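This report introduces a protein chain to a reader who has not met it before. Please keep the sequence and the structure in view while reading.

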Amino acid sequence: MSNCPSCGAPLPERSVMPYVTCAYCRTLILRSGLSLEEVGKVAVLPPDVSPVQLGTSFRIGDALLTVIGRVRWGWADGSWNEWLLSGGDGDEHWLGEAMGAFMLTRARPDLLVHPLIAAFASGGGDIPVGTRIEVEGVTLTAVDCKEAQCLGSEGDLPFATLPGRVMASIDFRGPDREAVSIQRDERGPSAWLGHYSDLAALAPGNLRKMEGWTIPGGLER
C-alpha cells in the first residue's frame, strides 16, 4: 500500500496503470516504479445515478472484468461515463455508459488502417453520422460524432485526466449491436471493437447501492 504524496491518504493497489486519482484530495498521481509524482488536481466528478462503481465486476463469457477507473466526459448535449476494466490479460477494456445504455469494447489498433478510420486518425477530417464502414464482414453505421472534454476521473487510468483534456469520438453500430469506436486525443488515435449491451447481459457484481433504488432481483451475480 502506498500513500498520496499530497495528503498522505492510502492509495489502493488496483492495477499497474500509471495514473491514479486520490479519492480524498483529488490529486492526480503518476506512478513510476516506487516513485509517486503529483501531476495536478482533477475536477470533482459531477453527481450521477450510475449503478456501476469502482470494484464492480462483469462476467463476459469466461472472462471476469473488474472496474478499476472512470473518466467522465462532457459535450454540448450531455455527458457519459467511460469505465476502465481490468481482466488480467494486459488489454484495455472500456465500458461506455450513457442514459442506461452500455458499450463494451477492447483495443483494436489494427482497425486504424481502415481507409475511413485512417483519414480521421490522421486529423484529415471528420466522419459524418450515417457513414458506413465494414469491419470483419459486418457493416456498421456512424451513429454518434462529437468533441468531448474531460469532466473528472477516479481510480486508475492509463492517461492523465486534468481539466482541459479534449477528445474527438465517433461511434458506429452494427445490425446485431456490434460496436466500433474511434477516438483522437493528445495520445493519438485509437480504435475499439465490441458490442452494445444492457446491464443484465453483462452479469454484474458489486453494483452501487443507491437510496431510492433497489437492485432488481436476478440482476447481480
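## Strand pairing and overall form

In strand β5, residue E37 is the bridge partner of L30. The model that shows this pairing is a predicted one.

L30 and E37 belong to a wider arrangement, in which β4 and β5 (residues 35-41) run antiparallel and are joined by 6 bridges. The two strands form a hairpin with 2 residues between them, and G33 in that turn has a positive phi of about 65°.

On its other pairing, β4 (residues 27-32) meets β3 (residues 19-21), again in the antiparallel sense, over 3 bridges. Within this pair, V20 stands opposite I29 in β4. A hairpin is formed here as well, with 5 residues between β3 and β4, and R26 in the turn has a positive phi of about 65°.

The two hairpins are set out below.

| Hairpin | Residues between the strands | Turn residue and its phi |
|---|---|---|
| β3 and β4 | 5 residues | R26, about 65° |
| β4 and β5 | 2 residues | G33, about 65° |

These strands are part of a chain that has 16 strands and 1 helix. Along its principal axes, the C-alpha trace spans about 50 × 45 × 35 Å. How does the radius of gyration of the chain agree with that of a compact globule? A compact globule of 221 residues would have a value near 17 Å, and the chain has 18 Å, which agrees.

Contacts and surface add to this description. Of the contacts with a separation of 6 or more, 49% are between residues 24 or more positions apart. Buried residues make up 46% of the 221 residues. The chain exposes about 10800 Å², of which carbon and sulfur atoms supply 54%. The chain carries 19 positive and 27 negative charges, and the mean positions of the two sets are 3 Å apart.

One residue may be considered in more detail. C150 lies in strand β12, which covers residues 138-157. Is C150 buried or exposed? C150 is buried, because its relative accessible area is 5% and the limit for a buried residue is under 20%. Leaving aside residues up to four places away in sequence, C150 touches V71, R72, W73, T161, L162 and R165. The C-alpha atom of C150 is also separated by 6.4 Å from that of G74, a residue 76 residues apart from C150 along the chain.

Definitions and conventions: Residues numbered from 1 in each chain as written. Predicted model: local features only at pLDDT ≥ 70, side-chain atom pairs only at ≥ 80, totals over all residues. Heavy atoms only, no water. Helix = DSSP H or I, 4+ residues; strand = E, 2+ residues; numbered from the N terminus. Rg over C-alpha atoms; globule rule 2.2 N^0.38 Å. Buried < 20%, exposed > 50% of the residue type's maximum accessible area, 1.4 Å probe, protein only. Contact = heavy atoms within 4.5 Å. Areas by Shrake-Rupley, 256 points an atom, 1.4 Å probe, with all protein chains shown as cover. Lys, Arg positive; Asp, Glu negative; His and termini not counted. Charge placed at Lys NZ, Arg CZ, Asp CG, Glu CD. Pairing = 2+ DSSP bridges.
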